[in-house]
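Please open the structure in your viewer, switch to a cartoon display, and keep the selection tool at hand. The tour goes from one selection to the next, and each stop says what to look for there.

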Amino acid sequence: MTYYVDCKVDVTGNGSKESPFKTIQEAAEIATSGDEVLVAEGIYREYVDPKNAGTEDARITYRSEKPLGAVITGAEPLNDWEEVEPHVWKACIPNEFFGDYNPFNTLVAGDWFVAFITAHTGDVFLNDKSMYEVLSLDEVRNPEINLRSWDKDFTVYVWYTEQEGDSTIIYANFQDTDPRTAKVEIDVRENCFYPSKEGVGYITLDGFTVCKAATQWAPPTAYQEGMIGPHWSKGWIIENCEVYESKCSGISLGKYLQPDNDNKWLKWKYKDGTQTERDCICQAQLDGWSKETIGSHIIRNCNIHDCGQTGIVGHLGGVFSIIENNHIHHINNKQNLAGAEIGGIKMHAAIDVIIRNNHFHHCTRGLWLDWQAQGTRVTQNIFHDNNNPYDYLIRKESMQNLGLGEDIFIEVSHGPTLIDNNLLLSDRSLKVPTQGVAVVHNLLAGALTTVGRGVDNGAKTMKSTRYTPYHVPHRTEVVGFMSILHGDMRFYNNIFVQKPLRKVYEGLLGSFADNEWEDGNFTVGTVPYSGYMTEEQWKAEFEGYCGMGSEPSDRYYMPLPVWTGGNVYFNGAKPADIEQDYTVDTEHEVYVDMKEEDGEWKLSTNVRDFLPKGVSMITSDTLGMAFEPEQRFENPDGSDIIFDTDIDGAKRSGDVTPGPWA
């Protein structure tokens, strides 16, 4: 059955082509397995709550007739403004207008959120851009440029809200714009396309523009919501969509509501957040979290940008998913939200998730894989400009929450995590307080950071080890918990290029010596792994050991070995002292630049002119298994990987060269 929707009709019909529904929700109430909902071009100011699930063989498809022409938005226009003094405008909105959820009376809050300013879930938009919330009417009168922001010139467009009786009052400074005639909107809805109940699976959302929702902070220990999301179900496809201006997260593949453990760290305080997160994982398993019931989603060909917390977020609910061919950019660029959980993608438990052929840029943190990146593969992606704003404000005291930024952050996971055939071009390529990672055939023009640290929980004087779970290979069932020993890393056939250090970073060098979360390293190469053991050296520590009765030893708690081979270093990039079969090129000066020209990003480099040939073809057998889960670096179906395909899909054969290109 095909249902038709057109918001431009005067009166809603029966859903036929000749007499379409006026709202998408009318179709969402009755669409069942195998049905298609075709939505005409227009603006749909509604919350779509799909009521029924499809099946694996008969999906329910919601499709915009014109690509990106149907707009689902959580915002409403607001042009009833009164100028109370020069540049200061006032709007008075009865609270009944918002119904059960008033985003201008709801604070952003949750575990790992740092409330350095008061932030409401609502926003005010001028010409599709969210303005900046301030804390007083005086700041509306006299706005100052916010140097934290990437878009500092727009930070003087500000608003402030307060409650007055049964009304919401918004004061705003639109500079020289008259809001009575301009495009001004405010958030009124929390979600745009999101089932209110769990288990509504096998839905396709194709070709929509989805924007401007008052979403709440989405940590791993809470009910995680987004503007779009499957809400703890299986088999969604979100494709060909533009997703932007969510207060917190654009798309959620996240956790369901656990009433007795929802932001428990914030609410109860007596049990640490990492322990409540472990509890969440075990509770999910008791509640039926499995490969058969949850995950296996696809997000592809989407343009995801200008969201406050994440473009895509998820804990537990995103397992076995594919995220491919997306453009993810300008996330948390306002820098008005702070804390952990921020990134272009932030996923916990990305078990057997494939992240490929995406373009991440201008996200302070591109991709953050936190806990249980087991079987995760990050391949054929482009990362650049994932760092702090250029020369606006970078000070040590402002780095406490996000650090200095990087392309990929892998945190306290046991692996196996595979990073292959990517361009990693930001100031820091990989943040790796973790183990069980293989880095193969990449170009890294940024440093490795937080090696050997970042795994304790920040207690003042007590030991506060973070124990994280590992799972049955290619399943969700938990096998055990263990601390991070470090090491268990593999670096094969990569190109390392040392870029000039940004001047703004020079004053930070050496200032992070005692920081658990940040080491301030900008030297490109595997050099942070100097002092680690090779496999042979590590195994030698166990020779003659016979278990109980032997002399006490650190052998079970020392860092694991590191494997290397076929890497090449340019411009002063440095190998580790245990590096094997590598090349340091001191003869040639290479450049690697990514620039935008006429709306397209283009890479300019001469590094391919100077690459050695004859390095080994890497396979799953080369990489072996990640130590703790005892799982090989392999495909989700358990088959071997041969790294014979490059970043562009071309085949490697004959003389193999380092880096992402065949």
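Begin by selecting residues 273-286, which make up helix α4, a stretch of 14 residues that reaches 20 Å from its first C-alpha to its last, close to the 20 Å expected at 1.5 Å a residue. Keep in mind throughout that this is a predicted model. Now show the side chains of Gly-273, Thr-274, Thr-276, Glu-277, Arg-278, Cys-280, Ile-281 and Ala-284, which are the buried residues of α4. As you look along the helix, it may help to remember that an α-helix has 3.6 residues a turn, so residues three or four places apart point the same way.

What do the buried residues of α4 pack against? Colour α3 (264-268), β22, β25, β38 (468-471) and β39 (478-482), and you will have picked out the elements that these buried residues pack against. Before leaving the helix, select Gly-288, which follows α4 and has a positive phi, near 105 degrees.

Two of the strands that touch α4 lead on to the next stop. Select strand β22 (residues 310-315) together with strand β25 (residues 343-348), and you will see two strands that run parallel and are joined by five bridges. One place to look at this pairing closely is Thr-310, whose bridge partner in β25 is Gly-343. Strands of a sheet pair through backbone hydrogen bonds, either parallel or antiparallel.

Now widen the selection to the whole sheet, in which seven strands are arranged in the order β19-β22-β25-β28-β31-β34-β37, with parallel pairing, to form an open sheet. Which strands stand at the edges of this sheet? They are β19 (249-252) and β37 (447-449), and each has a single partner strand, so one side of each is left without a neighbour in the sheet. If you turn the view to follow the strands in order, the twist to look for averages 15 degrees from one strand to the next.

The next selection is residues 242-246, strand β18. Is this strand mostly covered or uncovered? It is mostly covered, since five of the five residues of β18 are buried. Add strand β16 (residues 209-213), which pairs with β18 in the parallel sense over four bridges, and then strand β21 (residues 303-305), which runs parallel to β18 and is joined to it by three bridges. A good residue to centre on is Tyr-244, because the pairing can be followed from there in two directions: Tyr-244 in β18 is the bridge partner of Cys-211, and Tyr-244 also stands opposite His-305 in β21.Stay with strand β16 and select Lys-212, which forms a salt bridge with Asp-128, the closest N and O atoms being 2.5 Å apart. This pair links distant parts of the chain, with Lys-212 in strand β16 and Asp-128 in the loop between β9 (124-126) and β10 (129-130), 84 residues apart. At 3% relative accessibility, Lys-212 counts as buried, whereas Asp-128, at 25%, counts as partly exposed. Add Arg-45, Lys-183 and Glu-185 to the selection, and you will have a network of salt bridges that links these residues with Asp-128 and Lys-212.

Which other residue pairs can you visit? Select Glu-85 and Arg-141, whose side chains meet in a salt bridge (3.0 Å, N to O). Glu-85 lies in strand β7 (residues 82-85) and Arg-141 in helix α2 (residues 137-141), so the pair ties together parts that are 56 residues apart in sequence. Glu-85 counts as partly exposed at 26% relative accessibility, and Arg-141 counts as partly exposed at 35%.

Move on to Arg-632 and Asp-621, where the side chains meet in a salt bridge (2.7 Å, N to O). Here Arg-632 lies in strand β48 (residues 631-632) and Asp-621 in helix α6 (residues 620-623), so the parts tied together are eleven residues apart in sequence. Arg-632 counts as partly exposed, at 26% relative accessibility, while Asp-621, at 59%, counts as exposed. The count for the model comes to 36 salt bridges.

Finally, clear the selection and view the whole protein, which has six helices and 48 strands. The radius of gyration is 25 Å, close to the 26 Å that the globule rule gives for 662 residues, so the protein is as compact as a globular protein of that length. Along its principal axes, the C-alpha trace spans about 80 × 55 × 55 Å. Of the 662 residues, 60% count as buried.

Terms used. Residues are numbered from 1 along each chain as its sequence is written. This is a predicted model: local features need pLDDT of at least 70, side-chain atom pairs count only at pLDDT 80 or more; totals for chains, interfaces and linings use all residues. Side-chain values use heavy atoms; hydrogens and water are left out. Buried means under 20% relative accessible area, exposed over 50%, partly exposed in between (1.4 Å probe, protein chains only). Two strands pair if DSSP finds at least two bridges between them. Axes are lines fitted to C-alpha atoms, for helices over the stretch in contact, and angles run from 0 to 180 degrees between N-to-C directions. The expected span of a helix is 1.5 Å times one less than its number of residues. Contact means heavy atoms within 4.5 Å. A salt bridge is a side-chain nitrogen of Lys or Arg within 4 Å of a carboxyl oxygen of Asp or Glu. The radius of gyration is taken over C-alpha atoms; the globule rule is 2.2 Å times the number of residues to the power 0.38.
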